[in-house]
Protein chains: 4
Amino acid sequence: MEDILNPPRVRIRRRGADKHPLILKAARELVAQSGFREAQMTVIADAAGIAIGTLYRYFPSKTELMVEVVKSTAQREVDVVAGIAMRDGSACEKLGAAAWTFASRALRGRRLAHALVAEPVEPEVEAVRLTYHRALSRVFKTIIEQGVENHEFPTQNAAASADCIVGCLFEGLVAPLSNGAADASTSLSSHAASIITFCLRGVAGRMLTFPPMPAG
Amino acid sequence: MEDILNPPRVRIRRRGADKHPLILKAARELVAQSGFREAQMTVIADAAGIAIGTLYRYFPSKTELMVEVVKSTAQREVDVVAGIAMRDGSACEKLGAAAWTFASRALRGRRLAHALVAEPVEPEVEAVRLTYHRALSRVFKTIIEQGVENHEFPTQNAAASADCIVGCLFEGLVAPLSNGAADASTSLSSHAASIITFCLRGVAGRMLTFPPMPAG
Amino acid sequence: MEDILNPPRVRIRRRGADKHPLILKAARELVAQSGFREAQMTVIADAAGIAIGTLYRYFPSKTELMVEVVKSTAQREVDVVAGIAMRDGSACEKLGAAAWTFASRALRGRRLAHALVAEPVEPEVEAVRLTYHRALSRVFKTIIEQGVENHEFPTQNAAASADCIVGCLFEGLVAPLSNGAADASTSLSSHAASIITFCLRGVAGRMLTFPPMPAG
Amino acid sequence: MEDILNPPRVRIRRRGADKHPLILKAARELVAQSGFREAQMTVIADAAGIAIGTLYRYFPSKTELMVEVVKSTAQREVDVVAGIAMRDGSACEKLGAAAWTFASRALRGRRLAHALVAEPVEPEVEAVRLTYHRALSRVFKTIIEQGVENHEFPTQNAAASADCIVGCLFEGLVAPLSNGAADASTSLSSHAASIITFCLRGVAGRMLTFPPMPAG
DNA sequence: TATGAATGAGACTTCATTCAT
DNA sequence: AATGAATGAAGTCTCATTCAT
């Protein structure tokens, strides 16, 4: 399981409850709702039920907070997808399952997924998001490498293929979400199937059709 | 050839050169250098060597200016790639050439490409950027459809495949550029070859290796 | 006939048509339409069909132009009302007729009347408007003085009474116009009759009812 | 007693004095000194001894602040005049007293009174000012109606008469103040007496002379 | 003399961050 | 430790006025 986070920094010593996760939750929800730009510090503090001054005891700047938001959210996504990669089964199955898992989570989440993929702001946050992309890519890379060893897949630049899969999923699933329209997720899920089919072919180098899975 | 732009608005003229392209150039360069966020109106005016009031004679708001920046830049990219798609040759060759063209142009461009692909901004600008993605995708879709007719490629959801190609190129080429580091472009161009290979396999459903082209 | 204007200043020597009245007309119409604030120099120049630079050859500043607008417009109003005061008839009749004339002109004109009465801006323009108020007042004062000489009216401070009449007309007729609503002018004209009745009583010191006149 | 204000909004509190009245006072003084035009947010903040950001914590926009300035000032004036209308005495006495009270307060106040009566500004502020005129008029209307019931005054359009009184007071007292000149208030107060005499005659329809009161 | 593009001071507003209580 | 009022730099946009052609 990938760990995006650097060793967790020393936190403020506190008497009562640790407000760290509380703040992070509030911030994440606000970002999920309306993006980084709209998530102002005052609003986040309000949502967390604490004073703005208190928020600044836990996070020294908005940048830092947003970095944490991206880190933690991304980590969760990577963990889930990575969980799939650990299961038994052929590389092909795992690849399909992992992609589908990512896709179905992105189809919910919408705004948040978009924020993680395409809504940057500051270089520092951008850097973390890149880390997320790479972490996700690494999960796929691992599966591909297994498949190459198995001879399920032909020899290939596994890292590049993994990047491509991530790109396909982002472009295919997240970008269309950025127009606020609440598209019928049915059509999106068949679209997702086409995307994943493409990815499987790209990796396997032969005709494979991805059978859509029950949402999960 | 795609035309993203609406019919061009009537411009100011007389006395001195038309400042429209001058401003657009300055704005584009600033965006290319440091992204939308840093491109403030005052700075753009300075860079263009004009007063802020003059800037506002040509563009009624920052949003409008940024929309033009994205439109014009994106249009140029789409045009170039679309130009490739018009040439003679097999669908496979054209697909490779178009992808390679996009890739090699993105390898220069760096920050600008990133801005066109993944930076934040306002909904209005975002909408235009999405148009760019779709326009690029349509170019690839056209090639794929030709290939399917030719029986070069198997039957497939051409739109989804085209989106995937765009996603692969963005994720594979643009995202890595976003860290300011001046990566060795050699390694990037071999990376690009891997990416394109993946795309070709995804479309063709069989083993194809993309032979890197002479930079152009 | 009152002359509000100071001796007309030396104007620019010109070859072709004198653009002075042209500009004044355009400015007056714009002020009448949307007030001083909205009457920007560029817009006035456009409306007059001349260049902004030319406008500035005739009027050295917006303030000066607005002063002229108020002066000329007010002069016209004063002239019309003064014309009534010159006619034959009892002071009482003339007073009623003059008031009614002012009122009926104000009921058209709307925005312009408001601008002349209540929409000031700069001290310089304000000063001119005050002059207008005083000039109008002087017309009424003349009528009242005649009436006092005639013994139609009791001895009184004619200047103060005249100011009051002006005040009644402004407050009673112009102020209600400031809400953009296009009130039924029927109800306004009966309102006007009540206003004028009040004025006549105030001057005459006995019961007089003003019989509304045919609009003119 | 008229109440122009809507229910007062929830205010900021805690730590330090409530800055609401402080700001309002500063703004009122600036308007009184130089009118709405000169009352810029930065200047108001400076005058109140606070930062511009603080100003915006209390008033969301300049318009809102100006509305409050007009509302609160006007309310005070209306309250004082209305207080007179509640006293015992004949309608005639009350009418004279109310008018005199208004007049004597306007003779101080100068610029501020002018701002409340005749300065420009935005539609939103204008609307509030109109409310002030109407509220003042309503006070006089009440007195007149009492007088009509008493048979002190003849039957008449009480609303129109009340508007006239307001108009007389504004035109007779406020307008002359608008030229910055510090007129001898002695002459003004005898002028005021003439104005009020006119009003009484207008309402009563017979000869009444208003005996100037001791200033209050 | 006419033109109108260019100018730039100045107005309003936002929001991350600080610090006295 | 918590609070939240206060701060003010920074950004966008307007419009009267100037001046080169």
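Colleague: Let's start with B:Glu29: is this residue buried, partly exposed or exposed?

Modeller: First the yardstick: buried is under 20% relative accessible area, exposed is over 50%, and partly exposed is in between (1.4 Å probe, protein chains only). B:Glu29 comes out at 41% relative accessibility, so this residue counts as partly exposed. Keep in mind that this is a predicted model, where local features need pLDDT of at least 70 and side-chain atom pairs count only at pLDDT 80 or more, while totals for chains, interfaces and linings use all residues. Residues are numbered from 1 along each chain as its sequence is written, chains are lettered from A and ligands numbered from 1 in the order in which they are written, and side-chain values use heavy atoms, with hydrogens and water left out.

Colleague: Got it. Which side chain does B:Glu29 meet in a salt bridge?

Modeller: A salt bridge here is a side-chain nitrogen of Lys or Arg within 4 Å of a carboxyl oxygen of Asp or Glu. For B:Glu29 the partner is B:Lys25, at 3.2 Å, N to O. B:Lys25 is partly exposed too, at 47% relative accessibility. Both residues sit in helix H1 (residues 19-38) of chain B, four residues apart, about one turn of the helix. Helices are DSSP runs (H or I, at least four residues), numbered from the N terminus.

Colleague: And how many salt bridges are there over all chains?

Modeller: The structure holds 20. One of them pairs A:Arg105 with A:Glu77, the closest N and O atoms being 2.9 Å apart. A:Arg105 belongs to helix H5 (residues 91-107) of chain A and A:Glu77 to helix H4 (residues 62-86) of chain A, so this pair ties together parts 28 residues apart in sequence. A:Arg105 is partly exposed at 28%, whereas A:Glu77 is buried at 13%.

Colleague: What about B:Glu145 and B:Lys141?

Modeller: Their side chains also meet in a salt bridge, 3.6 Å from N to O. Both lie in helix H7 (residues 123-150) of chain B, four residues apart. Elsewhere, salt bridges that share partners join A:Arg134, A:Asp163 and B:Glu171 into one network.

Colleague: Now cysteines. How many disulfides turn up over all chains?

Modeller: A disulfide is a covalent bond between the sulfur atoms of two cysteines. The cut-off used is a pair of cysteine sulfur atoms within 2.5 Å. A search of the whole structure finds zero.

Colleague: Why is D:Cys168 not bonded to C:Cys168?

Modeller: Because the sulfur of D:Cys168 is 3.3 Å from the one in C:Cys168, its closest cysteine sulfur, and that is too far for a bond. D:Cys168 is buried, with a relative accessible area of 0%.

Technical notes
Helix = DSSP H or I, 4+ residues; strand = E, 2+ residues; numbered from the N terminus.
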